[in-house]
Amino acid sequence: PQVIRREDYQPPAWLVPEILLDFRLGLESTNVTARLSVRRNPDGNGSATLRLNGDQISPLAVRVDGAAVNDWRLDGPDLLLPLSGESHQVEIETHVNPASNSQLMGLYASHGMLCTQCEAEGFRRITFFPDRPDVLSTYRVRMSGDKTAFPVLLSNGNCESQGEGEGGTHWAEWHDPWPKPSYLFALVAGDLIANHDTFTTRSGRTVDLNIWVRKGDEERTQHAMESLKASMKWDEEAFGREYDLDLFNIVAVSDFNMGAMENKGLNVFNTRYVLADPETATDADYDAIEGVIGHEYFHNWSGNRVTCRDWFQLSLKEGFTVLRDQMFSADMGSSAVKRIEDVRILRSAQYPEDSGPLAHSIRPDSYQEISNFYTATIYNKGAEVIRMMRTMAGPERFRAGTDLYFERHDGEAATCEDFVKAIEDGAELDLGQFRLWYSQAGTPQVAVDLEHSGDRVVLKLAQVVPPTPGQPEKQPVPVPLKLALFDRETGQHRGEELVILDKPEQTFTFEGYPRAPVLSINRGFSAPVAIAFERPAQDLVFLAAHDDDPFARYEAMQSLVVQHLIAAVGGSLGEGARAVERDAIGQAFKAILADDSLDDLMRGELLILPAEGYLAEQFLVADPTAIHAEREALKAWLGSKLKDSFAELHDRVSAVSYSRDAAARGARKLKTQALVYLAAGAPADAKRRAIEQYRQADNMTDRQGALMVLAGLEGPERREALADYHGRYSGNALVIDKWFSLQAGSLHPDVLTHVQALAEHPDFTMANPNRVRALYMALAMNAKAFHAPSGEGYRMIGELIRQLDPINPQTAARFVPSLGRWRRIEPRRAAMMRGELERIAAEPSLSRDVLEQVTKSLG
Ligand code: HT7
Ligand code: ZN
């Protein structure tokens with residue numbers, strides 16, 4: 001397979017300032033005529049050949065300046081056209097069958113509607129075009145089709161005219177005045193209904209807002225609409241960015257490979273990130289909708305007005321936009337809880353990526369299939385890297401930097417280097433060494449040691465960036481660490497400090513501490529590093545109770561539990577030590593349960609045990625069964641030891657009635673958490689409470705929480721509740737997805753048998769990525785079932801990948817990393833995981849997507 005390298009970048013030989021697209025729409029047959037105004041790029045290589053990318057299409061006709069030509073040729077999937085002059089009109093006709101497009105890239109059909117997904121390289125599945133992000137064009141789109149099947153015809157920009165055609169057809173013409181790359185093109189045609197609203201920008205312009213959905217879904221779009229208006233206002237205030245068209249359309253589609261897509265003026269969303277009401281969506285769903293609506297909206301500036309020069313710069317738009325959506329969600333709700341959630345995602349999704357065979361820097365040097373690079377590293381680590389710049393510059397200077405970035409590069413296809421330079425100039429920050437964060441993969445490991453003598457505290461820090469595939473040796477990176485030194489008697493500190501560790505080893509001295517202080521470090525998770533700091537459990541108990549930085553408080557709780565579980569799993573814990581450590585954890589839990597200064601949302605965070613994946617990361621070679629068993633044992637011990645406290649908590653929060661305010665959301669979060677601990681430590685009481693919670697539920701958060709607990713228990717109640725839930729919500733695809741996930745992710749001992757049966761269920765289909773993820777991603781994330789000693793979990797994921805690849809390679813490839821971590825798993829299981837990868841690799845015609853992931857995972 002061809003490897004694309006960043007260093008090989010060449011400016012395009014030809015530019016396409018304008019394109020006119022004419023679609024004659026049909027579900028099974030759509031004809032496309034594209035008229036490109038092309039002109040030689042003065043900065044190009046002067047080639048007289050125009051290369052137009054294609055993918056599984058062939059030209060029906062090619063015309064140059066109005067005359068049919070036949071001197072073109074195909075080079076693999078691409079069309080090469082010799083051109084003699086400086087500028088020409090090139091017209092190409094193609095034909096596609098949207099109904100047979102199961103990859104969901106390009107133009108495809110979903111429940112009778114037509115829609116497009118062009119990022120990253122889907123436009124070339126519609127028509128021949130220089131399908132690269134540095135070719136910017138203004139688009140005019142005409143579409144015509146059956147008026148009954150497609151009463152709504154949408155594209156980017158504004159609708160300039162529409163009318164009736166012959167034989168029950170109609171047409172519409174759209175014009176987008178903003179030059180854009182082809183990956184931001186979109187078209188939607190279908191029988192849709194809109195929730196309509198308006199937004200007045202800070203300069204007084206009225207923008208029409210529409211959220212288009214299938215009929216019957218419109219009642220569930222209000223939260224998305226509120227989130228959109230809040231995003232528009234927030235971007236004006238936080239980043240000075242105003243919306244730039246008179247119309248903003250969102251369309252919800254139920255067949256979609258990712259979360260959503262930021263096409264200019266016409267965002268296309270997975271229904272999952274649009275539809276919500278209390279009966280069918282959990283609090284987490286509401287938060288996700290707000291975050292994704294914000295994310296796509298913010299791309300209008302970070303991605304669309306300033307786009308990427310090439311796909312190696314993907315983090316330029318994605319990392320920055322994730323940071324912006326994280327800041328937005330923090331401002332809309334609890335910033336402390338949001339930070340903790342974001343770090344949890346980073347540690348559970350990105351850290352394993354950074355230490356595995358698919359590790360890559362946030363600006364990769366090469367790829368085979370770009371779809372494989374929409375990763376937690378590009379998105380979440382990318383956001384953390386920019387967040388560190390903000391931490392070092394401070395919010396005002398960082399804003400000066402982003403203002404300069406938007407001003408300098410508006411209308412351009414820019415690079416990560418352009419962004420760093422703009423921050424450097426605007427924020428007056430030297431980011432010379434910092435650039436290593438863009439080129440080096442791997443999570444830096446920071447070892448901490450604290451010595452105290454007399455009045456002096458000496459903090460010794462040492463960093464190592466571990467080797468990753470293709471990068472055996474690393475240089476030290478600047479690591480901004482926020483810290484505070486607490487007096488253990490008064491519980492106070494003298495103010496937070498920011499130290500920058502930028503050498504392999506460094507010492508920082510603090511004077512005037514007659515007592516050995518307690519160190520709180522990496523406060524707010526100021527750097528995406530792994531801290532190694534061995535210290536007594538009582539220091540962690542102290543921070544868990546006293547730290548005034550909420551993230552550090554959470555971190556102290558996590559470290560307390562992680563330290564204990566590492567020792568327990570490693571077998572180095574005697575019974576006496578186990579009892580002492582459990583007792584310390586129990587005391588910390590009790591203090592949290594009793595602490596009146598905490599709100600319930602934050603209390604919920606402090607009571608979460610570290611995820612099994614994060615625990616596995618702490619071992620060079622992990623035994624997932626031992627990790628699962630020890631974690632469950634601790635959970636059961638806490639549930640039993642604190643059963644009265646958890647029962648009391650469950651009673652208290654059950655009395656809070658449904659609302660979307662923070663107090664009620666906190667109550668719901670704790671309601672299910674209390675049940676989870678009780679299910680582990682006092683199952684009979686938990687079952688009674690779960691049945692009651694399920695029956696009484698007037699919202700999905702409570703109902704799902706109760707069902708999750710019941711799904712892990714034995715007994716007829718489990719079956720009854722699952723059947724009731726399925727019957728109650730049959731026909732609501734998003735809720736039925738939850739039904740699949742709950743069972744595949746459950747603690748029940750027979751999960752693998754259940755998944756096998758669910759794969760045969762009439763509601764299961766390989767054609768819908770949400771459904772596939774609901775069943776199989778939940779299984780791949782369920783450590784106990786996935787790592788079952790029989791190897792059955794691996795076999796099921798391996799078979800899924802093989803079956804799904806010919807249907808939807810992008811989605812299939814997303815399952816490979818779960819098997820790809822075999823080197824970090826104990827040898828017996830590792831051999832079975834590797835065996836599955838080899839079986840996949842032996843398939844005769846693998847997609848580029850799966851082939852790249854499997855080859856790298858075996859490599
Ligand atoms: N920028 C969007 C990426 C995306 C995508 C990529 C590959 C295949 C399908 C896709 N759908 C959306 C999403 C975002 O980050 O906003
Ligand atoms: Zn994005």
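Helices and strands here are DSSP runs, counted from the N terminus. I kept that in mind while browsing this predicted model.

**Entry 1: an annotated stretch**

I began with the UniProt record, an unreviewed entry, which places "domain: Aminopeptidase N-like N-terminal" on residues 90–184. What is the chain over residues 90–184, helix or strand? I found 53% strand and 0% helix there. The C-alpha atoms at the two ends of this stretch lie 21 Å apart.

**Entry 2: two helices that meet**

Next I looked up a helix pair. Two packed helices are described by the angle between their axes and the distance between those axes. My pair was H4, residues 335–354, and H10, residues 550–570. Their axes come within 9 Å and cross at roughly 45°. I therefore noted H4 as oblique to H10. The crossing of the two is right-handed.

Which residues make the contact? From H4 I listed Ala336, Arg339 and Ile340, and from H10 I listed Pro550, Phe551 and Tyr554. Sorted by character, the contact of H4 with H10 has five nonpolar residues, one charged and no polar ones.

**Entry 3: around ligand 1**

Last, I turned to the ligand. How many residues surround ligand 1? I noted 15, and the closest are Glu119, Asn257, Met258, Met261 and Ser371. Strand E20 (260–261) gives at least two residues to this shell, and helix H2 (283–298) also gives at least two. I then sorted the shell around ligand 1 by character: six residues are polar, five nonpolar and four charged.

Notes: Residues are numbered from 1 along each chain as its sequence is written. Chains are lettered from A and ligands numbered from 1 in the order in which they are written. This is a predicted model: local features need pLDDT of at least 70, side-chain atom pairs count only at pLDDT 80 or more; totals for chains, interfaces and linings use all residues. UniProt positions are given in the numbering used here, feature names are shortened, and annotations may be inferred rather than shown by experiment. Helices (H or I, at least four residues) and strands (E, at least two) are DSSP runs, numbered from the N terminus. Axes are lines fitted to C-alpha atoms, for helices over the stretch in contact, and angles run from 0 to 180 degrees between N-to-C directions. Angles under 35 degrees count as roughly parallel, over 145 as roughly antiparallel, 65 to 115 as roughly perpendicular and the rest as oblique. A crossing is left-handed if the near helix is turned anticlockwise from the far one by less than a right angle, and right-handed if clockwise. Two residues are in contact if their C-beta atoms, placed from the backbone, lie within 7 Å. Ala, Val, Leu, Ile, Met, Phe, Trp, Tyr, Cys and Pro count as nonpolar, Asp, Glu, Lys and Arg as charged, and the others, Gly among them, as polar. A residue is near a molecule or strand if its C-beta atom, placed from the backbone, lies within 6 Å of it.
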